[in-house]
Structures are given as C-alpha cells and as structure tokens.
Amino acid sequence: VWHYVGHVGQLAKPGDFFTTRLDRVPVVVVRDETGALRGHVNVCRHRGCEVVHDASGNRRSLQCPYHAWTYALDGRLLAAPKAKDQPGFDPAECSLPPVQIEQWGPLIFANLSGAARTLAEQFEVLPSLVTDAGIDFASVSFRRHDVHNVNANWKVVVENYLECYHCSVVHPSFIKTTNLEEFRIVPYGNVITEVVPTKEEYLPRVADGPVVNQGCYSYVWPLFILNIFPGKTSAFVRQLIPVAVDKTQVVYDFFYADEVSAEEEEELWQTGDQIFREDIPMVESVQRGLSSGTLEVGRLFLTEEVGPQYFKKLVLKALTREHEG
Ligand code: FES
Ligand SMILES: [Fe+2]
C-alpha cells in the first residue's frame with residue numbers, strides 16, 4: 001500500500017532527506033547525487049539501530065550513530081570500522097533495504113512492498129478527479145504543515161469524514177455556504193469521493209485565473225485524503241497515521257498555486273482547520289462510546305451514510321484478505 005510521506009519541497013537538493021515511519025518500519029527518504037528520490041528502511045544492517053535519527057537535513061552519506069557504519073545515499077554500505085579484519089565480510093550484502101518511492105505532482109509516496117501495485121493502480125480515478133476539478137498538480141507547491149493527535153481509532157476518523165449527516169449539526173458555518181441537498185458520495189473502488197457544491201453567492205469571484213467551483217473531497221483506502229476546496233487552486237492532503245488502537249495522528253500538508261495570496265491562503269486554511277476542529281470532539285467521543293462495549297451494532301441511515309457503509313465494506317474486504325492470507 002502506498003502512503004503519503006512528504007513533499008518535494010522537503011527534498012530540494014541532492015543530499016536532502018527526511019525520516020518517517022510506515023507502521024512500525026522506520027524509513028528515510030533522500031534525494032541522491034543523481035537527483036533521484038530514494039527510500040530506504042532506516043534500520044542499520046549491523047545491529048538494528050536507526051541509521052538517521054534527525055527528522056530532516058542534508059547529508060552526503062548516512063552514518064549510523066551506534067558503531068559508525070556508513071551508507072551511501074543510494075543505500076549501499078560504504079564503510080564499517082574494522083571491516084577489513086572480518087574474514088568473509090561482504091559489504092554488498094549489507095545495503096539498506098529499498099523502499100519504493102513514487103511522486104505525484106509535489107507529493108511523495110512510499111511503499112514497503114517490493115511487489116506493490118503502482119500508485120496509479122491504488123489511486124484509480126483520483127488523478128482524473130483532480131484534473132476534472134480544474135487543478136493542475138504541477139502548478140501547486142507546499143505552503144503549510146500541521147499535525148493533530150486525535151484520541152480515536154483511524155476508522156472512526158474516516159467514517160466521520162465520509163458522511164455529511166452531521167454537517168448541519170456540527171459545521172453550521174460550512175453548511176451556510178454549501179448546497180447540502182446536492183451533496184453526494186461517489187464510491188469508486190479504493191476511492192470514495194464527496195462532491196460538495198458551493199452556493200453560487202459564496203463562490204469566490206476571481207478575475208485573475210481559473211477557479212474551482214465545487215469542493216471535491218476524496219478518501220483513498222486506507223489512510224489518505226485529498227481535499228480540493230472551491231476557489232483558487234489548492235490541494236489539502238491528509239495522511240492518517242494509526243498510533244494505537246484509539247489514537248490517530250493526522251498529518252496535514254497544504255499546497256497552493258503561486259497566485260494564491262497570503263490572505264487567501266489563510267482563509268482557505270481556516271476553513272479546513274475549523275471543520276476539522278469541530279469534528280475532533282465528536283470523533284473522540286465516539287471512540288469512548290465504542291470502547292464502552294455497549295453498542296454492538298449501530299444503525300446507519302443509508303440515505304445519509306452510504307460513505308461509512310461503503311468504507312465498512314472496504315474494511316471487511318481487507319480483513320477477509322488478511323484472514324485468508
Ligand atoms: S547498529 Fe549501526 S553501526 Fe552498529
Ligand atoms: Fe465533519
């Protein structure tokens with residue numbers, strides 16, 4: 001499975017790196033001397049120390065802080081102290097295992113599986129939804145980063161995202177600008193999209209450039225979300241990171257086209273942030289309610305909640321696959 005890990009703004013020059021983790025696996029993503037993006041399992045082949053401890057930086061090689069084994073940016077072991085005294089030691093057998101990397105516009109994705117589907121296979125219709133919304137991914141660049149720690153299981157966070165039954169209760173300022181009757185959920189395969197038309201009078205009037213005229217909010221199984229807000233060109237990425245059974249870290253990265261001014265950026269950012277802040281208490285409360293063990297089966301209203309219904313099917317499919325091996 002492909003996971004969003006960061007953006008090209010973090011890896012502008014050769015030697016730039018950042019570290020992250022995919023589930024329990026520490027990963028380092030670097031731009032090597034040739035300019036290529038590379039991912040490595042960030043676990044030393046000697047005794048397992050994490051090779052790179054910093055969150056980000058620039059290095060010419062990757063040296064483990066424990067016994068100073070040194071790896072090239074492409075993951076090959078270059079040097080290990082006293083290596084020449086070790087009979088039969090072959091550094092070629094001690095490269096950092098590769099992690100697959102793919103780029104989509106400014107977004108960088110990583111995949112631990114060597115036999116993975118391509119990013120395009122996993123993301124299915126998403127690129128064409130982005131294009132249809134009027135967004136050119138080549139024209140956006142990173143502006144803002146934010147992290148929220150939510151005390152709820154990741155699936156509770158996703159289910160909240162996939163319905164707007166709660167919108168008139170929880171998001172009064174959002175529904176003021178929205179044609180809620182025209183809100184629709186479009187399930188594809190791995191992608192579930194919410195199309196949210198903005199009321200005519202609230203569409204931003206922009207003289208100097210194309211404008212996106214309806215919100216298009218897409219969830220990609222299992223942990224990725226891409227929000228396109230109405231207005232000038234922007235793309236808001238959310239990556240969910242399950243931390244514990246009842247804890248999820250939500251990483252936000254915001255991308256805008258160059259013509260988006262600081263004030264417009266602030267306004268769009270506030271819109272997204274406010275909605276999320278309104279959702280968090282509900283989601284955390286649901287987690288406490290579910291953890292109580294007193295709600296064996298909830299009752300979905302399928303006129304309003306096909307998103308969560310469809311999502312539950314994806315969960316079931318994944319569990320069945322796991323069960324069957
Ligand atoms: S664990 Fe990395 S050099 Fe020993
Ligand atoms: Fe919400």
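This briefing walks through the cores, strand pairings and backbone oddities of the structure above. Bear in mind that the model is predicted. Its largest nonpolar core has 39 residues, and there is a second, separate core of 24 residues. Around these topics come several antiparallel strand pairs, one of them being β2 with β3, plus a cis peptide bond from W221 to P222.

**The largest core**

- Within the 39-residue core, the residues with the most contacts inside it are V150, Y219, W221 and F311.
- Two or more residues each come from the helices α3 (154-161), α6 (262-291) and α7 (306-324), and the strands β13 (191-197), β14 (214-220), β16 (234-244) and β17 (247-257) do likewise.
- Helix α6 gives the largest share of this core, with six residues.
- As general background, nonpolar side chains in soluble globular proteins tend to be buried together.

**W221 and the cis bond**

- Skipping neighbours within four places in sequence, W221 touches F311, L314, V315, A318 and R321, among others.
- The rest of the W221 contact list is Q122, W154 and N190.
- W221 is also where the backbone does something worth a look: the peptide bond from W221 to P222 is cis, with omega near 0°.
- P222 itself sits in the loop between β14 and β15.

**The second core and I228**

- The separate core of 24 residues includes L119, L129, L226 and A235.
- I228 belongs to strand β15 (residues 224-228).
- I228 counts as buried because its relative accessibility is 2%, and the cut-off for buried is under 20%.
- Leaving out neighbours within four places in sequence, the contacts of I228 include A133, I135, V212 and Q214.
- Also in contact with I228 are G215, C216, Y217, S234 and A235.
- For a sense of distance, I228 and E263 are 35 residues apart in sequence, and their C-alpha atoms are 18 Å apart in space.

**Strand β2 and its partners**

- β2 (residues 16-22) pairs antiparallel with β3 (residues 25-31) over six bridges.
- F17 has V30 in β3 as its bridge partner.
- These two strands make a hairpin with two residues between them, and D23 in the turn has a positive phi of about 55°.
- β2 also pairs antiparallel with β5 (residues 56-58), over three bridges.
- On that side, F18 is partnered by S56 in β5.

**Strand β9 and its partners**

- β9 pairs antiparallel with β10 (residues 107-111) over five bridges.
- Q103 has I108 in β10 as its bridge partner.
- The β9 and β10 hairpin has two residues between the strands, and G105 takes a positive phi near 55° there.
- β9 pairs with β4 (residues 37-41) too, again in the antiparallel sense, over two bridges.
- In that pairing, G39 is matched with V99 in β9.

**The three-stranded open sheet**

- This antiparallel sheet has the strand order β6-β7-β8.
- β6 (62-63) and β8 (77-79) are the edge strands, each pairing on one side only.
- β6 and β7 (residues 70-71) are joined by two bridges.
- Q63 is opposite T70 in β7.

**Positive phi in loops**

- K82 isn't a glycine, yet it has a positive phi of about 70°.
- K82 lies in the loop between β8 and β9 (98-104).
- K82 counts as exposed because its relative accessible area is 59%, and the cut-off for exposed is over 50%.
- E124 isn't a glycine either, and has a positive phi of about 45°.
- You'll find E124 in the loop between α1 (119-123) and α2 (126-132).
- E124 is partly exposed, at 34% relative accessible area.

**A nonpolar patch on the surface**

- V286, L290 and L295 make a nonpolar surface patch of about 240 Å².
- L295 is in the loop between α6 and α7.
- L295 is partly exposed, its relative accessible area being 46%.

Conventions. Residues are numbered from 1 along each chain as its sequence is written. Chains are lettered from A and ligands numbered from 1 in the order in which they are written. This is a predicted model: local features need pLDDT of at least 70, side-chain atom pairs count only at pLDDT 80 or more; totals for chains, interfaces and linings use all residues. Side-chain values use heavy atoms; hydrogens and water are left out. A nonpolar core is a set of buried Ala, Val, Leu, Ile, Met, Phe, Trp, Tyr and Cys residues joined through side-chain atoms within 4.5 Å. Buried means under 20% relative accessible area, exposed over 50%, partly exposed in between (1.4 Å probe, protein chains only). Helices (H or I, at least four residues) and strands (E, at least two) are DSSP runs, numbered from the N terminus. Contact means heavy atoms within 4.5 Å. Two strands pair if DSSP finds at least two bridges between them. Patches are made of residues with over 30% relative accessible area and no salt bridge: like charges are joined within 9 Å, nonpolar side chains (Val, Leu, Ile, Met, Phe, Trp, Tyr) within 5 Å. Accessible areas come from the Shrake-Rupley method with a 1.4 Å probe; for residues, only the protein chains shown count as cover. A salt bridge is a side-chain nitrogen of Lys or Arg within 4 Å of a carboxyl oxygen of Asp or Glu.
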